[in-house]
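Let's take a walk through this one together. Have the chain open in your viewer and follow along.

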Amino acid sequence: MTMPAYYDFCSRVKTISGENAMEKIPGLLKGLGVRRPMIVTDRGVEAAGLIDTVTEAIDGGLDIGAIYADIPVDSDYRVVDDGAAVYQNNRCDAIIAVGGGSVIDTAKGINILASLGGKSLLGCQGAGTIRRKLNPLAVLPTTSGTGSEMTLVAVIADTERQEKMLFVSHFLLPDLAVLDPRLTRTLPDFLTSQTAMDALAHACESYYCMEKNPVSDALALRAISLISEHLLPAVRNPAETSARLALANASAMAGAAFSNSMVGLVHNLGHVVGAVCHVPHGTCMSILLPYGLEYNTHRREKAIGEILFSLAGPEIYAKTPEKARPDKAVEQIRMLNEDLHNITGGKHPRFLGEIRNKDGTPAVPRSALPEIARKTMADGARLPNPEEILPEDALMVLEHAWAGIHLDRSRIRKGA
Ligand SMILES: [Fe+2]
């Protein structure tokens with residue numbers, strides 16, 4: 001492989017993985033000086049019995065100062081302000097975040113306020129705001145997809161202004177990522193499938209986007225092979241411990257990869273489809289991922305061809321002529337989506353036009369595509385994509401993804 005002229009990579013999250021990983025938390029947090037952590041979670045995680053599982057696992061090792069479970073689905077900075085007040089009123093000295101991406105990002109926000117002081121996160125925006133190590137943060141992900149346990153980013157909404165506040169700092173990297181299959185055992189099949197496809201998108205995009213480097217490459221390829229091997233077994237049999245653990249590892253590895261190498265078209269379009277049409281992020285990722293590979297093949301033929309090895313294994317890779325490997329990789333992802341659609345009884349959508357709201361109406365009306373395409377120009381994920389994304393190209397890809405048809409590459413304006 002060609003070495004990049006320059007790259008940097010940072011991942012200093014201590015990762016513990018295994019069937020009894022949670023039992024290690026007290027000793028590791030005590031080693032960081034922690035005595036009284038606050039657990040941050042949401043009502044869904046609590047209702048699934050996972051907080052009981054966590055507190056039993058760390059029983060006697062730590063004095064839990066508070067359990068803050070008031071994180072709504074649409075968490076914003078006021079939730080962060082509220083959580084930080086609970087932390088301070090209960091004299092806590094660390095956070096244990098138990099949940100998906102929203103809980104983890106909110107916990108990172110609470111940790112900024114709780115560690116640095118101040119009454120509202122609004123005053124902490126801007127570059128260089130976080131200048132010192134924050135209080136210890138342990139993250140226990142209950143989905144295998146976002147990879148937030150390994151990233152230096154927190155996205156917190158400002159719902160009044162309809163904006164997202166982005167915080168990026170190495171001080172936001174958690175101290176501890178706990179990958180324990182008990183945390184994802186109760187995740188429904190369609191959430192397992194869609195969150196894992198988010199992890200697959202992180203791994204694929206970090207492998208072919210502009211800031212790829214040898215360290216993130218290694219993590220990305222291993223993440224892809226773990227997902228390819230273990231996703232269908234985990235969806236077919238939710239209690240399958242080894243498959244659950246493999247997906248949790250894949251998600252963390254893909255998180256570390258994309259935290260350093262960034263993402264591209266798939267996330268660029270997916271962010272806006274999610275924001276405009278209120279479609280879950282993982283759903284957008286599973287549908288858009290094949291188009292990310294198709295759109296970029298002429299710029300990254302070798303890298304996208306190499307992804308086939310991890311997706312399909314050495315035999316199919318060896319049997320496929322080099323020129324045909326990128327298309328074969330796309331085909332493998334489409335087959336995976338088709339299998340997931342069938343196993344989940346249709347709850348894993350295959351194209352944008354197929355997604356339905358709870359009342360049965362289309363979640364992504366075709367008429368919304370021009371607005372979505374326009375708004376993608378303001379999303380930063382377009383920048384590391386190998387091929388420049390023009391508004392007309394974004395609309396063209398969205399139209400194909402809406403109908404579920406292969407991308408007509410002759411229509412890519414820059415790549416012809
Ligand atoms: Fe993602």
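How many of the 12 residues of α11 are buried? Before we get to that, keep in mind that this is a predicted model. The count comes to 9 of the 12, so α11 is largely enclosed by the rest of the structure. If you want to click through them, the buried set is Ala-303, Ile-304, Gly-305, Glu-306, Ile-307, Leu-308, Ser-310, Leu-311 and Ala-312. Their cover includes α6, α7 (214–236), α10, α12 (314–319) and α13 (325–343). As for its geometry, α11 runs over residues 301–312 and reaches 17 Å from its first C-alpha to its last, close to the 16 Å expected at 1.5 Å a residue. Right after α11 comes Gly-313, with a positive phi near 90°.

One of those covering helices, α6, is a good next stop. This helix spans residues 189–208, and Ser-206 sits in it. Is Ser-206 buried or exposed? It has 28 C-beta neighbours inside 10 Å; the cut-off for buried is 20 or more, so Ser-206 counts as buried. Beyond its neighbours within four places in sequence, Ser-206 is in contact with Lys-212, Ser-216, Ala-220, Ala-257, Phe-258, Ser-261 and Val-263. For a sense of distance, try Ala-246: it is 40 residues away from Ser-206 along the chain, and 19 Å separate the two C-alpha atoms.

Among the contacts of Ser-206 are Ser-261 and Val-263, so let's look at Met-262, in the loop between α8 and α9 (265–277). Met-262 has a phi near 65°, which is positive even though the residue isn't glycine. In general, most residues other than glycine have a negative phi. With 21 C-beta neighbours inside 10 Å, Met-262 counts as buried. Now go on to the loop between α9 and α10 (281–296), where you'll find His-278. Here phi is near 55°, again a positive value in a residue other than glycine. His-278, though, is exposed, because just 11 other C-beta atoms lie within 10 Å of its own.

Time to zoom out. The protein is divided into domain 1 (14–183) and domain 2 (189–411). Their centres, taken over C-alpha atoms, are 27 Å apart. Where the two meet, domain 1 puts in 17 residues and domain 2 puts in 21 residues. On the domain 1 side, the elements giving two or more residues are β1 (14–17) and β8 (176–179). What is that side of domain 1 made of? By class, it has 6 nonpolar, 9 polar and 2 charged residues.

Last, the inside. The largest nonpolar core has 126 residues, and Ala-97 and Ala-223 touch the most other members. Helix α8 (residues 241–261) gives the most to this core, with 12 residues. Both domain 1 (14–183) and domain 2 (189–411) give residues to the core, so it lies between them. To see one of its best-connected members up close, pick Ala-97: leaving aside neighbours within four places in sequence, Ala-97 is in contact with Val-40, Val-103, Ile-104, Ala-107, Leu-137, Val-139 and Leu-140.

Definitions and conventions. Residues are numbered from 1 along each chain as its sequence is written. This is a predicted model: local features need pLDDT of at least 70, side-chain atom pairs count only at pLDDT 80 or more; totals for chains, interfaces and linings use all residues. Helices (H or I, at least four residues) and strands (E, at least two) are DSSP runs, numbered from the N terminus. Two residues are in contact if their C-beta atoms, placed from the backbone, lie within 7 Å. A nonpolar core is a set of buried Ala, Val, Leu, Ile, Met, Phe, Trp, Tyr and Cys residues joined through C-beta atoms within 7 Å. Domain bounds come from an automatic or database domain assignment. Ala, Val, Leu, Ile, Met, Phe, Trp, Tyr, Cys and Pro count as nonpolar, Asp, Glu, Lys and Arg as charged, and the others, Gly among them, as polar. The expected span of a helix is 1.5 Å times one less than its number of residues.
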